[in-house]
2 protein chains.
Amino acid sequence: MDYRKIKDRDKDEDPADDHSDNLQEKAHFAVVDNMALLAGISNNKSQWKLKSIVTLALTILTSSQAILIFWSKRAGKYEYSVTTANFLVETLKCALSLAALARIWNNEGVTDDNRLSTTLEEVIVYPIPAALYLIKNLLQYYIFAYVDAPGYQILKNLNIISTGVLYRIILKKKLSEIQWAAFILLCAGCTTAQLNSNSDRVLQTSIHGWVMAIVMSLLSGFAGVYTEAIMKKRPQRNVNVQNFWLYVFGMTFNAVAILIQDFDEVVNKGFFHGYSYIIVLMIVNHALSGIAVSMVMKYADNIVKVYATSVAMLLTAVVSVFLFGFHLSLAFFLGSTVVSMSVYLHSLGKLQR
Amino acid sequence: MDYRKIKDRDKDEDPADDHSDNLQEKAHFAVVDNMALLAGISNNKSQWKLKSIVTLALTILTSSQAILIFWSKRAGKYEYSVTTANFLVETLKCALSLAALARIWNNEGVTDDNRLSTTLEEVIVYPIPAALYLIKNLLQYYIFAYVDAPGYQILKNLNIISTGVLYRIILKKKLSEIQWAAFILLCAGCTTAQLNSNSDRVLQTSIHGWVMAIVMSLLSGFAGVYTEAIMKKRPQRNVNVQNFWLYVFGMTFNAVAILIQDFDEVVNKGFFHGYSYIIVLMIVNHALSGIAVSMVMKYADNIVKVYATSVAMLLTAVVSVFLFGFHLSLAFFLGSTVVSMSVYLHSLGKLQR
């Protein structure tokens, strides 16, 4: 109930939805509104706190994930199978959701909102994000016929734009003019921060490569936006139950991926072949950041997610200077400036909406 | 009189200057204001038209200036002396201002606003911008001890920030939060568009180099802001008279520069040694763009000037693709995107002020 109240308040504050021209009527609503505001202030505050915590968690976990990848590459090449690792990530997320649920059941008892059993109508949408990610991951093998790996890193910034566009179209949420400008700047800033002497090669990408990159960014954007729609459709439903169902299908699709891609290797060398402490650490980190993504989808939105992961990318580079003696380029400073201004403008655009 | 009226209206529209809280008083003023608005609308429109024309002229002339420089470099090295060329630019500007004045005197007769004779109190400020530019140009020889030429091109973008800061401090004009963000983005965008594989060397600039670059950008920013203050202090004074006095001192200081730097060469080889058609074209173009700068100072402001010259820089690069077969880099596209967003946000910030 409280969540819905806050949502309605948000709507009321949107001038685009405001069609009442009568001033007296407006004044009356303002009084009612203010009373609702006083009642909702503490909820609003705890909502804001939750939103900040999950966003911060996502930023730190995404950043440390990238650092673990650098670290593992430095430590030498590991011959583990990526599909088994992905499967373990989904399994761990599933287990953590169940553990959280068990605690809640113990404390609060089983209610309509936190019971695991569900209807077909509720559960039928949960496989869709996992399926979209699977398709995207399969396409990933083909795009390297058109673009090299650093070029693909650059093109992946198209995800920012596709997420914004799909967020607007599918979730029908409005961004102000300033926020749109900020979003385009976020994309330009992230790309600038990643520029290096070979980046210009991406301009020679063929039409096929561009189409594939755009399709992939749309798939990934759609998966994100669809997950948000699922999480927010039932605001009262416990997030751990929603996560459980998301991750169960994630496990299933990754099991299929093992069968398709690495079946022989797993049979011959064993499931855990090539695993090391750092791989385990990466799996744990990946699982935690996956849960953080779900939380951001539930309590914040895709726009916040994109900003969090973009800031994480910059954070990673700065931390790498101290950890690995990386040098920051002028392009990185310029890109970081643009991203910082984008974050500032986004918050400014929120106030002025 | 009309100009002052428009200026006062501008002030009225600035919410920061609005201290009247009484609604009735406000309503009364609104009626008076609307009447003044109706009377001023045609003036406002012609003011806006003039502002657009001088801004467009500055953009095109600055852009073609850069193209002429490319062209002259391509055509081979010219052994002309830069100081004599600068002197001729000032002389031509002076002559053009006098020609424009002669026409006005013929049509309208000599008035208090368009007569050339002046008081010491009016004329005493005119040498200051020329003196500042002279100091800046002399410092330019020393900065190359600390920074290479491409590095200096990058550092010159600090002018954008210094102009904004001095515009705020000296002219006491306010920029909105969005406009400040847009200004920082303009600086980052212009620098990004100029990035190349050697740009990172600028990060190794010593503290001395940085201090000199900052001092030079402050000098150049101060000269610009001071010129605007001179031009706007007497709104009724004919712009050609103001230009005449500015350029007379420009000629004087450039004559001094010839004596200091190129005296021997001029005596031995002659004043016009090494001149060619393209040098003459460059001098004419430079003179016209100098007049456009004065006009922008009079009818628009330093912020518009900075935007116009930044957009001109991007325009030059695009035109060079067709003229000289240049290749545009990914950094150029990203920088152009950031500059475009900056222009958009600046105009958005104007509306929302």
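Helices are DSSP runs of H or I of at least four residues, numbered from the N terminus. In these terms, the structure described here is a predicted model, and A:K172 is placed in the loop between α7 and α8 of chain A. The phi angle of A:K172 is near 55 degrees, a positive value in a residue that is not glycine. Most residues other than glycine have a negative phi. A:K172 is exposed, because its relative accessible area of 63% lies over the cut-off of 50%. In chain B, B:K172 is found in the loop between α7 (158-170) and α8 (177-193). B:K172 likewise has a positive phi, of about 55 degrees, although it is not a glycine, and B:K172 is exposed, with a relative accessible area of 63%.

The overall make-up of chain A is considered next. Its secondary structure comes to 13 helices and zero strands, and the pattern read along the sequence is accordingly a succession of α elements. Of the 353 residues in chain A, 44% are buried. Among contacts in chain A between residues at least 6 apart in sequence, 87% join residues that are at least 24 apart. A:M295, in helix α11 of chain A, provides an example of two residues distant in sequence: A:M295 and A:L50 are 245 residues apart along the chain, and their C-alpha atoms are 9.2 Å apart in space. When residues up to four places away in sequence are not counted, A:M295 touches A:V54, A:V239 and A:A300.

The relation between the chains was then examined. Chain B is superposed on chain A by a rotation of 180 degrees with 0.1 Å of shift along the axis, and the RMSD is 0.1 Å. The two copies are therefore related as by a two-fold rotation axis. The C-alpha of chain B nearest this axis belongs to B:S197, at 2.9 Å from it. Of the interface residues of chain B, 100% are also interface residues in chain A, so the copies meet through the same surface.

Residues of both chains are found in the largest nonpolar core, which holds 79 residues; those that touch the most other members are A:L185, A:L186, A:L345, B:L185, B:L186 and B:L345. The contacts of B:L345 were listed without residues up to four places away in sequence. On the chain A side, B:L345 touches A:I178, A:A181, A:L185 and A:L345, and within chain B it touches B:I178, B:A182 and B:L185. Apart from the largest core lies another core, of 26 residues, which includes A:L61, A:F244, A:F249 and A:I291.

Helix packing was described for two pairs in chain A. Two packed helices are described by the angle between their axes and the distance between the axes. The axes of helix α7 (residues 158-170) and helix α8 (residues 177-193) of chain A come within 9 Å and cross at roughly 155 degrees. This angle makes α7(A) roughly antiparallel to α8(A), because angles over 145 degrees are counted in that class. Helix α7(A) contributes A:I160, A:I161, A:G164, A:V165 and A:R168 to the contact, while α8(A) contributes A:W180, A:F183, A:I184, A:L186, A:C187 and A:C190. By class, these residues of the contact of α7(A) with α8(A) are nine nonpolar, one polar and one charged.

In the second pair, helix α11 (residues 277-299) and helix α12 (residues 302-324) of chain A pack at an angle of about 140 degrees, with their axes 8 Å apart. Helices α11(A) and α12(A) are therefore oblique to each other. The contact is made by A:V293, A:V296 and A:M297 of α11(A) and by A:N302, A:V304 and A:K305 of α12(A). The contact of α11(A) with α12(A) divides into four nonpolar residues, one polar and one charged.

Two buried residues complete the account. B:N243 is found in helix α10 (residues 239-261) of chain B. B:N243 is buried, with a relative accessible area of 0%. Not counting residues up to four places away in sequence, B:N243 touches B:S97, B:M231, B:I291 and B:S294. A:T205 lies in the loop between α8 and α9 (207-233) of chain A. A:T205 is also buried, because its relative accessible area of 10% is under the cut-off of 20%. With residues up to four places away in sequence again left out, A:T205 touches A:V147 and A:W210.

How values were computed: Residues numbered from 1 in each chain as written. Chains lettered and ligands numbered in written order. Predicted model: local features only at pLDDT ≥ 70, side-chain atom pairs only at ≥ 80, totals over all residues. Heavy atoms only, no water. Core = buried A, V, L, I, M, F, W, Y, C linked by side-chain atoms within 4.5 Å. Buried < 20%, exposed > 50% of the residue type's maximum accessible area, 1.4 Å probe, protein only. Contact = heavy atoms within 4.5 Å. Axes fitted to C-alpha atoms, helices over the stretch in contact; angles between N-to-C directions. Parallel < 35°, antiparallel > 145°, perpendicular 65-115°, else oblique. Nonpolar A, V, L, I, M, F, W, Y, C, P; charged D, E, K, R; others polar. Least-squares fit on C-alpha atoms with pLDDT ≥ 70 in both.
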